[in-house]
Amino acid sequence: GLIITTQDGGKQTIHAESILPMTPLEPDPGLAKELEGVVSEIYVCGSCSKPGLIRDAINEGNQVGMAL
């Protein structure tokens, strides 16, 4: 199980056989920023631009690839 702190400061136990930790749902433009000035073109998609589902990131990458 997992013990969490609720918004009001209380403790709550979530009973489960398995728990998958997830990263914060925030954009991560770090790699794109590191590549600025190193490569001639950068196309930002997926969780680099906005959090979302993996299928949406794959679709965005496909759209960029097809446009090149």
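Glutamate 60 touches Cys45, Gly46, Ser49 and Lys50, when residues up to four places away in sequence are not counted. This residue lies in helix 2 and counts as buried, at 18% relative accessibility. The model described here is a predicted one, and glutamate 60 is a useful place to start reading it.

**A salt bridge at glutamate 60**

One of the contacts named above is also a charge pair: glutamate 60 forms a salt bridge with lysine 50, and the closest N and O atoms are 2.9 Å apart. Helix 2 covers residues 54–67, while lysine 50 sits in the loop between helix 1 (30–35) and helix 2, so the pair ties together parts that are 10 residues apart in sequence. The partners are covered to unlike degrees: glutamate 60 is buried, with a relative accessible area of 18%, whereas lysine 50 counts as partly exposed at 46%. Glutamate 60 falls on the buried side because the limit for that class is under 20% relative accessible area.

**The other salt bridge and the charges**

The structure holds two salt bridges. Besides the pair already described, aspartate 56 forms a salt bridge with arginine 55, with 4.0 Å between the closest N and O atoms. Aspartate 56 counts as partly exposed at 36% relative accessibility, and arginine 55 is exposed at 60%. Side chains of opposite charge can pair when their charged atoms come close. Over the protein chain there are 4 positive and 9 negative side chains, and the centres of the two sets lie 5 Å apart.

The two bridges are set out below.

| Acidic residue | Basic residue | Closest N and O atoms |
|---|---|---|
| Glutamate 60 | Lysine 50 | 2.9 Å |
| Aspartate 56 | Arginine 55 | 4.0 Å |

**The chain as a whole**

What pattern does the protein chain follow along the sequence? The order is β-β-α-α, which comes to two helices and two strands. The radius of gyration of the protein chain is 18 Å, well over the 11 Å that the globule rule gives for 68 residues, so the chain is more spread out than a compact globule. Along the principal axes, the C-alpha atoms fill a box of roughly 50 × 25 × 20 Å.

Burial and contacts can be given for the chain too. Of its 68 residues, 6% count as buried; glutamate 60 is one residue in that class. Among contacts with a separation of 6 or more, residues 24 or more positions apart account for 10%. The protein chain exposes about 6,100 Å², and carbon and sulfur atoms supply 57% of that area.

**Two further residues**

Isoleucine 4 is found in strand 1, which covers residues 2–5. With a relative accessible area of 28%, isoleucine 4 is partly exposed. Which residues is isoleucine 4 in contact with, leaving aside its neighbours within four places in sequence? They are Gly10, Lys11, Gln12 and Ile14. For isoleucine 14, the separation from isoleucine 4 is 10 residues in sequence and 7.6 Å in space, C-alpha to C-alpha.

Methionine 66, like glutamate 60, is found in helix 2. Its relative accessible area is 68%, and methionine 66 is exposed. Methionine 66 and leucine 35 are 31 residues apart in sequence, with 22 Å between their C-alpha atoms in space.

Note on methods: Residues are numbered from 1 along each chain as its sequence is written. This is a predicted model: local features need pLDDT of at least 70, side-chain atom pairs count only at pLDDT 80 or more; totals for chains, interfaces and linings use all residues. Side-chain values use heavy atoms; hydrogens and water are left out. Helices (H or I, at least four residues) and strands (E, at least two) are DSSP runs, numbered from the N terminus. The radius of gyration is taken over C-alpha atoms; the globule rule is 2.2 Å times the number of residues to the power 0.38. Buried means under 20% relative accessible area, exposed over 50%, partly exposed in between (1.4 Å probe, protein chains only). Contact means heavy atoms within 4.5 Å. Accessible areas come from the Shrake-Rupley method with a 1.4 Å probe; for residues, only the protein chains shown count as cover. Lys and Arg count as positive and Asp and Glu as negative; His and the chain ends are not counted. The place of a charge is taken as NZ of Lys, CZ of Arg, CG of Asp or CD of Glu. A salt bridge is a side-chain nitrogen of Lys or Arg within 4 Å of a carboxyl oxygen of Asp or Glu.
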